[in-house]
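Hi,

Here is the structure I promised to pass along. Have a look at it first, and my notes on what turned up are underneath.

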Amino acid sequence: MPRPGKGPRLYLMPAKYVGETLRRRATWVIQDGGYRLSTGCGEADRRGAENALAEYIIEKHEPPRARARHPDAIAIADIVNLWLQQVITGKPNTGDYARRAANLLAFFGTDTLADINGDRCRDYARTRTAAAARRELEDLRAAINHHHKEGYTDSVVRVVVPPRPAARERWLTRSEAAKIIWSAWRYREKQGGPKAGQATRKHIARFLLVALKTGTRTSAILGTSFKQIEGRGFVDLDRGVFHRRALGAVETKKRQPPVPVDTALLAHMRRWRANGQTHLIEYQGRSISEIKGALRRAVKDAKLDASKGPVTPHTMRHTAITWAMQNANPEEATAWNIAGYFGLTLEELERTYAHHNPSHFAGTIAAINRRPANKSTELGLQKGYKNSGTKRKYPQV
């Protein structure tokens, strides 16, 4: 049985040097079978490349629009393309959807709607990590539901999604966070070429400071500038306010409320701006849309205990919320305030982070240990016993 094609995907064409002279910069290209198409986006512009991939998938072919077709006649590729066109296009994270859609099409691209069942979904889940399979199959379910809602089929097909994986427990101690920051800040490029000896990871240290101090999602941090730009977040350095939601973006379930910036972090940001930065996180004068690989290398150099689990960009948000819960003073920061700052619901905060601060049980403990004013009813233990003078005839607890 021939292996299924990988479908459209991004590939980083490496830079080409002749001696120490750069002849061609590293560029993202779209790989589709034996066909390659340049996105025109450099290595740092991963988000732009993902948007180009989304446009390529959407424009690859026009899905049929006949009404109420039989599932045997409806290709999964048509369903996914229709969903991308009508629902996803225009969203700020279109590239993320496109990347997941490419993974789905690589597996289900030759299937029809009639082929979708529990076994087929479980086969797909075995090719991906648990978290990736769940997220991508949720996209497939949304695409199929949209197709049915629009009236292109009468059949309702269920997509079997893997159970939600256990909440991530990996968070950093302050010592571990400091090790990574210093590892990134002090690093000097060791490979040959024009970057040899340069400090090429200082942007990682800046990212870590912002993420650990504000608990902001990675995409929001990388999409923030020091001036108001359509489609980007904005740090008001005069008022000390971090507007995390992109200007002009609609509110989503991933709420991004504006928050005040810590005094020490605000001083760092003002210095970065004075040194010529336009965006909150820059690499060689340009904004970036991907930081996972560079962070992984910085973490490796910091030599953390690998047995605790991997450290990813999202670990920084998880760490910030964990620290807030561990050190929360109920008189200063209630659960409602913490959830609001990080853009979480109270349910999410309690489900994932409440175990880091069990102080809300203190009142229950006091109630257990408090002796009632009326000793004759204490724990019901006096019933059936009689006092003789001052000597108690019931056990002391």
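Strands E1 (residues 9-13) and E4 run antiparallel and are joined by 5 bridges. Within that pairing, Met 13 stands opposite Thr 27 in E4. E4 has another partner as well: 6 bridges join it to strand E5 (residues 35-42), again antiparallel, with Ile 30 standing opposite Leu 37 in E5. Bear in mind as you read that this is a predicted model.

E4 itself (residues 27-32) is largely enclosed by the rest of the structure, because 6 of its 6 residues are buried. In a regular strand, side chains alternate between the two faces of the sheet. Here both faces are covered: Thr 27, Val 29 and Gln 31 are buried on one side, and Trp 28, Ile 30 and Asp 32 are buried on the other.

Next, helix H5 (residues 130-149). Its 20 residues should span 28 Å at 1.5 Å a residue, and the end C-alpha atoms are 28 Å apart, so the two agree. Its buried residues include Ala 132, Ala 133, Leu 137, Leu 140, Ala 143 and Ile 144, but also Arg 134, Glu 136, His 146 and His 147. Helices H2 (76-88), H3 (94-108) and H4 (118-125) are among what covers them. After H5 comes Gly 151, with a positive phi near 85°.

One residue in H5 that I'd look at is Asp 139. Its relative accessibility is 3%, and the cut-off for buried is under 20%, so Asp 139 counts as buried. What does Asp 139 touch, not counting residues up to four places away in sequence? The answer is Trp 83, Tyr 97, Arg 100 and Leu 104.

Now for the pocket, which is probably what you'll open first. The second largest pocket holds about 720 Å³ of space. It is lined by 28 residues, and those closest to its centre are Arg 174, Leu 209, Leu 212, Lys 213 and Trp 323. By class, the lining has 18 nonpolar, 5 polar and 5 charged residues. Which helices each supply at least two residues of that lining? They are H6 (174-186), H7 (202-214), H9 (263-274), H11 (313-326) and H12 (335-342).

H7 deserves a few more words. Its 13 residues should span 18 Å at 1.5 Å a residue, and the end C-alpha atoms lie 19 Å apart, which agrees. Since 10 of those 13 residues are buried, H7 is largely enclosed by the rest of the structure. Among the buried ones are His 203, Ile 204, Arg 206, Phe 207, Val 210 and Thr 214. Leu 212 is buried too, and it is one of the residues closest to the centre of the pocket. H7 is followed by Gly 215, whose phi is positive, near 65°.

Last one: Arg 201, which sits in the loop between H6 and H7. Is it buried or exposed? Arg 201 is buried, with a relative accessible area of 8%. Arg 201 and Ala 298 are 97 residues apart in sequence, yet their C-alpha atoms are 7.9 Å apart in space. Leaving aside neighbours within four places in sequence, Arg 201 is in contact with Ala 184, Tyr 187, Arg 297, Ala 298 and Asp 301.

Cheers

Definitions and conventions: Residues are numbered from 1 along each chain as its sequence is written. This is a predicted model: local features need pLDDT of at least 70, side-chain atom pairs count only at pLDDT 80 or more; totals for chains, interfaces and linings use all residues. Side-chain values use heavy atoms; hydrogens and water are left out. On a 1 Å grid over the protein atoms alone, a cavity is a set of points where a 1.4 Å probe fits but cannot get out, and a pocket is an open set with protein on both sides within 12 Å along at least five of seven lines; lining residues have an atom within 4 Å of a point. Grid points are joined across faces, edges and corners, and a volume is the space filled by probe spheres set on the points. Helices (H or I, at least four residues) and strands (E, at least two) are DSSP runs, numbered from the N terminus. Ala, Val, Leu, Ile, Met, Phe, Trp, Tyr, Cys and Pro count as nonpolar, Asp, Glu, Lys and Arg as charged, and the others, Gly among them, as polar. The expected span of a helix is 1.5 Å times one less than its number of residues. Buried means under 20% relative accessible area, exposed over 50%, partly exposed in between (1.4 Å probe, protein chains only). Two strands pair if DSSP finds at least two bridges between them. Contact means heavy atoms within 4.5 Å.
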